[in-house]
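This report examines a single structure, shown below, with attention to its pocket and its helices.

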Amino acid sequence: MATNPSIITRNSDKIAIQTGNLYESVSIISKRARQIAAKNKEELSNKLSEFVSAVDNLEEVFENREQIEISKFYERMPKPTSIAIDEFLEGKVYWRYNEEDAQQ
C-alpha cells in the first residue's frame, strides 16, 4: 500500500473540488473509510478464527507467535480514513446521489 500512515495536513480545497462541497466530500470519504474498515475487520477475524480454541480455561492461555504477527501486521496498516482520502483524491471512489436527494 502506498498510503502514508502518518498524520498529514490535507488541503480542504482539493477535497471539495470533486463534489463542489467540502461536507459532501467528507461524507463520501467517511462512507468509504467505513467500507475499508469493515473489510479489514472481516479479513482479520477470518485469519484469527483459525486460532480459536474450543477450551475456555483461563489457565490454558497460549501465545501463538503467528497470531501475534498477524495482529501486528493489521496494526501497522494505514488507517482506513487515510486510504479513503487518498482513493478519493485519486478519483478511485465512485458515488452517486439518490434521485430524492437530487430533486431537493
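In this predicted model, the lining of the largest pocket comprises 5 nonpolar, 3 polar and 5 charged residues. The space in this pocket amounts to about 340 Å³. Of its 13 lining residues, Ile 28, Lys 31, Trp 95, Arg 96 and Tyr 97 are the closest to the centre. Helix 2 supplies the largest share of the lining, with 6 residues.

Helix 2 covers residues 22-48, which is 27 residues in total. At 1.5 Å a residue, a span of 39 Å is expected, and the end C-alpha atoms lie 38 Å apart, so the two values agree. Within this helix, the buried residues are Ser 25, Ile 28, Ile 29, Ala 33, Ile 36, Asn 40 and Leu 48. Residues three or four places apart on an α-helix point the same way, because there are 3.6 residues a turn. Among the elements that cover the buried residues of helix 2 are helix 1 (12-17), helix 3 (65-76) and helix 4 (80-89).

Helix 4 contains Asp 86. Its relative accessibility is 17%, and buried means under 20%, so Asp 86 counts as buried.

Two contacts of polar atoms are set out below.

| Atom group | Partner | Distance |
|---|---|---|
| Asn 21 side-chain oxygen | Tyr 23 backbone nitrogen | within 2.8 Å |
| Asp 86 side chain | Arg 10 side chain | 3.0 Å |

The Asn 21 contact is located at the start of helix 2, whereas the contact with Arg 10 is a polar contact made by the side chain of Asp 86.

Terms used
Residues numbered from 1 in each chain as written. Predicted model: local features only at pLDDT ≥ 70, side-chain atom pairs only at ≥ 80, totals over all residues. Heavy atoms only, no water. Helix = DSSP H or I, 4+ residues; strand = E, 2+ residues; numbered from the N terminus. Expected span 1.5 Å × (residues − 1). Buried < 20%, exposed > 50% of the residue type's maximum accessible area, 1.4 Å probe, protein only. Contact = heavy atoms within 4.5 Å. Polar contact = N/O pair within 3.5 Å; in protein donor to acceptor, adjacent residues only side chain to side chain. 1 Å grid on protein atoms, 1.4 Å probe; cavity = no way out; pocket = protein on both sides within 12 Å on 5 of 7 lines; lining within 4 Å. Points joined across faces, edges and corners; volume = space filled by probe spheres on them. Nonpolar A, V, L, I, M, F, W, Y, C, P; charged D, E, K, R; others polar.
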